[in-house]
Every structure is written in structure tokens, then in C-alpha cells.
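Here's a quick walk through a fold, written for someone who would rather look at a model than at a parts list. Have the structure open as you read.

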Amino acid sequence: MIAKIMATRLAILLLMSGAGFIVLEAMAKPQFTSIYVFGDSLTDPGNNIYFTNSVTKANYWPYGEFLEFPLIPSYADTVAKGADVLSGVNYASAGAGILEETGYHYGRVIPLSEQVSNFKTTLNQLRNKMQEEELSNYLAKALVFVDMGANDYLNNYILPGVYRSMATYSPQQFADLLIKLYTGNILELQSLGLRKFFIAEVAPIGCIPFLTRSGPVPSGKCQDFSNNLVQIFNSRLKPLVYRLNSDHPGSVFTLGSSYQLFMDLHDNAEAYGFTVKDGACCGIGGRKGACLQCHVQIEMSTYSGMKLILLKLPTGFLLVGFTTTPPTHSLSAYSKWQQCKRETERERDCACLLIKLACSESTIT
């Protein structure tokens, strides 16, 4: 029952956005030959589940198949299970971004460039099913949904202890870099025969619990710093979409105003039937957590005088952070984990707390 209520509300939310309207219309009355999705955890139906060295998996409620929505098959299932590709394929990967290094501290993810490469594999499958002219018409009438960029901030730029992006680029320079790479990937898809694109803005990431609970943000408010960063990126998307339409008259590029949509939802949550707007719906730490399925063991080790924070995975250890500051200070994250274990029996929550600390504290570099 809860899942159905969630699905109904999500459907209402999708209908408010251009993307959802197009997708749901396509399901009810086919206007497209297929739908191809490129994105992150917001659209990942389970592409990371076969990675043994990844903690960003979307194979639990409320992600993927657990939403009880009719889903486009994941790329992983088309490879591992031979799922049919004629209705479309979802290539999205939780934790992934436009930059190839984004999200690597969580283990294996599929960046946008690799998602595009995976589409080429699907394209070869389609060539075995259709003649060239039929395939060309099929691709021209397919819908491409692209929603990327949030993790390039969440799991890259605003983690200066893990990534060097903030030290290397100003907010404007970083947005320009993302747009340049984004454009290249979109045009590569267009060059392969796809013609109808829906490109979504980055939503207000400063409103998610992971960030509002990580710093001095007033109750019910959002973190302005992160929201301002993605607004710089979004401000470059509109002219990009205009330029793409101008330069490629045989194609259609549509911009989805996700930022304002979700800000309206946040500011008027009760009007849309939501009673909680500052709590994570899944994952760790109840309302204070993030959507990570944490079934991993945390260990500390020492190498060349550095304290290493490791996740013990089935195939070995994944380094999520290391400290180079004096021991009395550098072990702050580890100490908080130990304190958490003493105060609660939910060790999973404590393990994920350490992951969060390892990726956010300035002492972890």
C-alpha cells in the first residue's frame, strides 16, 4: 500500500514536469518507438547491482523495480539476462556524473561517457533486428531522457577532501567544464541517429537531507551554497538547448525545468500531500541519513604513516578516505564511528556514518 501511494505521488510529480508527461504519455499511447534514459540514482533501475566493488546500488526500495512502475529494462539486464531492447534501455547509474571521476569514492559507477558507450552496444543489437532504413526511422522517433550533473557537485565539487575540483576550478569554470563535456556526449548520441532529447536541469541539491543535516541550515530551509552552484550550471543549460536546436534543425532538444519544479514541491510540500520534506526516504540514519544500502564492514589501517579508512567488500577493500593530519585529529571520523557503535546496536547506520564523514570532513583528504 505504501509503495502504491508513493508511486501515485511520484506519478503526479512526473506529470508536472515535461519529462514525466512525455514518458507517461508514451506508456499510455505510444508516441515514441522507444525510450533511452541516461542519468544517476534518480533514474537508476539497478545498473550497479552486478558491481561487487560499489556501495551505490539501487536494488532496494524505493529504487528501481521496487517502485512497482512498469520499467524500461536496465542496461545491465539486457546484458546479463538478455532483456528485450526494442522498447528502450535505461543506462542510468547511481552515483555517476558527467565527469568520469565523479562518485569513485563509492566504488564502481557508470559515468555519462560510458553510458553513451553502452548505448552503442544496444545499437549493435538493434542492427541485428532491423534493416538500416528501418533502424534510422526507429531511432529518429525514439525519446532520449538525460538527467545528469547533480553528482558532479554532490560527489565531487563539494567534497574538497576527496576531489580537487573545487581547488582547481571556480564555480563558473567548473560549470563550463561540465557543459562542454555534457554537450559532447549529447552530440555523440545525436550523431548515432537519435533525434528527440529531453534534458533535465539539476534539481536543488541543497534541499536534500544529506546536505541540510550536514551543516548549520535552519529547519525547513535549504543549503544555499550548493543550490547556488547548480544554478550556475543550470543557467548554462538553457542557452545550450537553444544552440543545439539552432545548429541541428532535424532534431528536437527540450529543457526540463527541474529546479523550479522541486523548489515548488519543497516550499509547498503539504499542498502536494507530503508531511515530511527534510528526511531521507531510505538508507541510513533514519531522517538524517542518505540513500546508501550499507552492508559493509569498516576497517582502519596504516600505510606509510597514513591512517586509511577502508570498506571491506566481497572482493577486497575499497579505500574511501585517508588522513594525513596528526593522529589526535585525523581519527575524529573513526572515533565518531566507535561512539556510534557504543550508543546503538544498528551497526549498519554507524558504518554508513563513517562513509559520510570520510567524504565530507575536511580532515579526510
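What follows covers the sheet, one asparagine and some aromatic rings. Keep in mind that this is a predicted model.

**The sheet**

Let's start with the strand order. Five strands make an open sheet, running E2-E1-E3-E4-E5 with parallel pairing. At the edges sit E2 and E5 (252-256), each of which pairs on one side only. On average, neighbouring strands of this sheet are turned by 15 degrees against each other, direction ignored.

Now zoom in on E1 (residues 35-39). How many of its residues are buried? Five of five, so to speak the full set, because a residue counts as buried when its relative accessible area is under 20%. Both faces of E1 are covered, with Ile35, Val37 and Gly39 on one side and Tyr36 and Phe38 on the other. E1 pairs in the parallel sense with E2 (residues 88-90) over three bridges, and isoleucine 35 has glycine 88 as its bridge partner in E2. E1 also pairs with E3 (residues 143-147), again in the parallel sense, over five bridges. There, tyrosine 36 is partnered by valine 144.

E3 gets similar treatment: five of its five residues are buried, so this strand is largely enclosed by the rest of the structure. Leu143, Phe145 and Asp147 point one way, Val144 and Val146 the other way, and all are buried. E3 pairs with E4 in the parallel sense over four bridges, and leucine 143 stands opposite lysine 196 in E4.

There's a helix to look at here too. H10 (residues 224-247) lies across E4 (196-200) and E5, and runs at about 165 degrees to E5.

**Asparagine 90**

Back to E2, where asparagine 90 lies. Is asparagine 90 buried or exposed? It's buried, with a relative accessible area of 7%. Its C-alpha atom is separated by 6.5 Å from that of phenylalanine 38, although the two residues are 52 apart along the chain. Leaving out residues up to four places away in sequence, asparagine 90 touches Val37, Thr43, Pro45, Asn47, Ile72, Pro73, Ser74 and Tyr75. A polar atom of the asparagine 90 side chain also lies 2.9 Å from the backbone nitrogen of alanine 92.

**Aromatic rings**

Searching the whole structure turns up 15 aromatic pairs. Two of them are set out here.

| Pair | Centre distance | Plane angle | Geometry |
|---|---|---|---|
| Tyrosine 104 and tyrosine 163 | 4.8 Å | 80 degrees | edge-to-face |
| Tyrosine 153 and phenylalanine 174 | 5.4 Å | 85 degrees | edge-to-face |

The tyrosine 104 and tyrosine 163 pair links distant parts of the chain, 59 residues apart. Tyrosine 104 is in the loop between E2 and H4 (112-127), and tyrosine 163 is in the loop between H6 (150-157) and H7 (165-168). Tyrosine 104 is partly exposed at 43% relative accessibility, whereas tyrosine 163 is buried at 5%.

In the other pair, tyrosine 153 lies in H6 and phenylalanine 174 in H8 (residues 171-191), so the pair ties together parts that are 21 residues apart in sequence. Tyrosine 153 is buried, with a relative accessible area of 1%, and phenylalanine 174 is buried at 0%. Both belong to a cluster joined by ring pairs, along with Tyr157, Tyr169, Tyr182 and Phe233.

One last ring to check: the charged end of arginine 108 sits over the ring of phenylalanine 51, 4.6 Å from its centre.

Key:
Residues numbered from 1 in each chain as written. Predicted model: local features only at pLDDT ≥ 70, side-chain atom pairs only at ≥ 80, totals over all residues. Heavy atoms only, no water. Buried < 20%, exposed > 50% of the residue type's maximum accessible area, 1.4 Å probe, protein only. Helix = DSSP H or I, 4+ residues; strand = E, 2+ residues; numbered from the N terminus. Pairing = 2+ DSSP bridges. Contact = heavy atoms within 4.5 Å. Polar contact = N/O pair within 3.5 Å; in protein donor to acceptor, adjacent residues only side chain to side chain. Axes fitted to C-alpha atoms, helices over the stretch in contact; angles between N-to-C directions. Phe/Tyr/Trp six-rings, centres within 6.5 Å; stacked < 30°, edge-to-face > 60°. Lys NZ or Arg CZ within 6 Å of the ring centre and 35° of its normal.
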